[in-house]
Amino acid sequence: MRILYVTERFPYPLDNGGNVRSYHILAGLTAEHEVTVISGTLGDVSRTDVDAVTALGAYVFLVPLERRSAAFELRAAFRSLVSRRSLMLARHFDREMLQSLRELLTSRSREFDVIHFNHLDAAIYASGLPSGPCRVVDQHNVVSRQLETSIPSERRALRKFAMQRDLEPLAWEERDICNSMNLCLACSSTDAEALQKLGVHTPIAVVPNGVDTEYFRSSLVPDRESIEVVFVGTLDYQPCEIAVWSFATEILPLLRNSVPDVRFVVVGRNPSLRLKKLAEGDSAIELTGRVEDVRPFMK
């Protein structure tokens with residue numbers, strides 16, 4: 001089959017969970033089908049990144065996205081208010097991406113059997129595209145559920161109000177987008193059940209995330225004199241930031257009651273200011289920042 005793989009974020013390098021899932025699903029598709037990748041870019045996609053994806057056998061089209069300036073944010077807020085749709089999704093919409101998708105789909109030289117939307121921020125263009133190909137959306141998260149569970153942890157009053165205001169329209173839009181598809185992919189049975197509770201009646205297939213056990217195989221014997229807890233995750237992703245903060249402030253003190261010398265090593269890029277301040281005041285907490293290879297820290 002000919003598959004058009006639509007993604008807002010380029011699926012390489014493999015330095016975050018979303019890209020790891022996207023890349024390996026793409027690798028599975030290219031092994032059996034002809035795949036064209038159309039991806040947005042803010043000038044952050046390198047030649048090396050593109051080569052890694054074309055090496056799978058995919059054709060790649062990059063679409064320069066509009067910079068997220070104050071004017072862009074104001075236009076997104078206006079569109080959200082006028083249409084009564086989700087601000088979160090309105091912030092991802094880009095006219096150039098929609099136009100590029102339309103051109104690809106109407107080109108006689110490229111006829112597609114399937115359009116694969118990589119997450120909800122790619123599927124927002126579905127309603128503006130010509131009908132015909134089978135449509136699939138890969139739901140990396142149930143986005144409205146993720147927003148709902150994040151609200152209690154939000155400390156900024158204005159942002160918390162905006163999140164609460166956006167929850168209902170986001171849930172409606174997520175349901176409607178999924179119901180416009182022929183198939184939804186979910187990462188777990190829990191996510192599949194959450195989509196069904198949301199009102200999604202489109203067939204849902206669970207495609208779980210995996211791990212390369214050969215790549216992460218360890219031959220090192222742990223140093224029993226050094227007791228460490230390691231966290232690996234992208235720290236500018238809010239759920240990860242909250243998890244690290246909760247562990248460091250609520251669980252680590254309990255561990256110290258029985259293991260006074262325990263250390264907490266946090267491996268991940270872009271730690272928040274509050275995490276940096278916490279680590280500065282506690283020598284047992286280490287923030288590594290971005291690393292090229294997480295395996296030495298996990299070993």
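This report walks through selected strands, a long helix, salt bridges and unusual backbone spots in one structure. The model is predicted.

## Strand S9 and its neighbours

Start with strand S9, residues 263-267. Four of its five residues are buried, so the rest of the structure largely encloses S9. Which strands pair with S9? One is strand S8, residues 228-232. S8 and S9 run in the parallel sense and share five bridges. Within this pairing, Val229 stands opposite Phe264 in S9.

Strand S10, residues 285-289, also pairs with S9. This pairing is parallel too, over four bridges. Here Val266 stands opposite Leu287 in S10.

Helices connect these strands. From S9, the chain crosses through helix H11 (residues 273-280) to S10, and this β-α-β crossover is right-handed. Helix H10, residues 238-258, belongs with S8 and S9 in another β-α-β unit. That unit is right-handed as well.

In a regular strand, side chains alternate between the two faces of the sheet.

## Helix H8

Next comes helix H8, residues 157-179. It has 23 residues. From first C-alpha to last, H8 reaches 33 Å, close to the 33 Å expected at 1.5 Å a residue. Where does H8 kink? The kink lies at Leu167, shortly before the proline Pro169, and is about 40°.

Many positions on H8 are listed as buried, among them Met163, Pro169, Leu170, Ala171 and Ile177. Charged residues appear in that list too, including Asp166, Glu173 and Glu174. So do Cys178 and Asn179.

What covers the buried residues of H8? The cover includes four helices and strands named here in chain order: helix H4 (87-90), helix H6 (120-123), strand S5 (134-139) and helix H7 (143-150). Strand S6 (183-186) and helix H9 (189-198) are also part of the cover.

Ala162 is another residue of H8. Its relative accessible area is 35%, so Ala162 is partly exposed. Ala162 and Val291 lie 129 residues apart in sequence. In space, their C-alpha atoms are 34 Å apart.

## Salt bridges

How many salt bridges does a search of the whole structure find? The search finds 18. Side chains of opposite charge can pair when their charged atoms come close. Three of the pairs are set out below.

| Pair | N to O distance |
|---|---|
| Asp166 and Arg165 | 3.4 Å |
| Arg175 and Asp176 | 3.1 Å |
| Arg263 and Glu286 | 3.1 Å |

Take Asp166 and Arg165. Is Asp166 buried or exposed? Asp166 has 5% relative accessibility, so it counts as buried; the cut-off for buried is under 20%. Its partner Arg165 is at 34% and therefore counts as partly exposed.

Arg175 and Asp176 form the second pair. Arg175 is partly exposed at 28% relative accessibility. Asp176 is partly exposed at 37%.

The third pair is Arg263 with Glu286. This pair links distant parts of the chain: Arg263 sits in strand S9, Glu286 in strand S10, and 23 residues separate them. Arg263 has a relative accessible area of 25%, so it is partly exposed. Glu286 is at 31% and also counts as partly exposed.

Salt bridges also join into a network. Asp15, Asp236, Arg269, Arg290 and Glu292 are linked in this way.

## Unusual backbone spots

Most residues other than glycine have a negative phi, and most peptide bonds are trans. Some places in this model depart from that pattern.

Which peptide bond is cis? The bond from Tyr12 to Pro13 is cis, with omega near 10°. Pro13 is found in the loop between strand S1 (2-7) and helix H1 (17-30).

His119 is not a glycine, yet its phi is positive, about 85°. His119 lies in the loop between strand S4 (114-118) and H6. At 15% relative accessibility, His119 counts as buried.

Asn270 has a positive phi too, about 55°, and is not a glycine either. Where is Asn270? It lies in the loop between S9 and H11. With 47% relative accessibility, Asn270 counts as partly exposed.

Definitions and conventions
Residues are numbered from 1 along each chain as its sequence is written. This is a predicted model: local features need pLDDT of at least 70, side-chain atom pairs count only at pLDDT 80 or more; totals for chains, interfaces and linings use all residues. Side-chain values use heavy atoms; hydrogens and water are left out. Buried means under 20% relative accessible area, exposed over 50%, partly exposed in between (1.4 Å probe, protein chains only). Helices (H or I, at least four residues) and strands (E, at least two) are DSSP runs, numbered from the N terminus. Two strands pair if DSSP finds at least two bridges between them. A crossover is right-handed if, with the strands pointing away from the viewer, the path from the first strand over the helix to the second runs clockwise. The expected span of a helix is 1.5 Å times one less than its number of residues. The bend at a residue is the angle between axes fitted to the seven residues ending there and the seven starting there. Contact means heavy atoms within 4.5 Å. A salt bridge is a side-chain nitrogen of Lys or Arg within 4 Å of a carboxyl oxygen of Asp or Glu.
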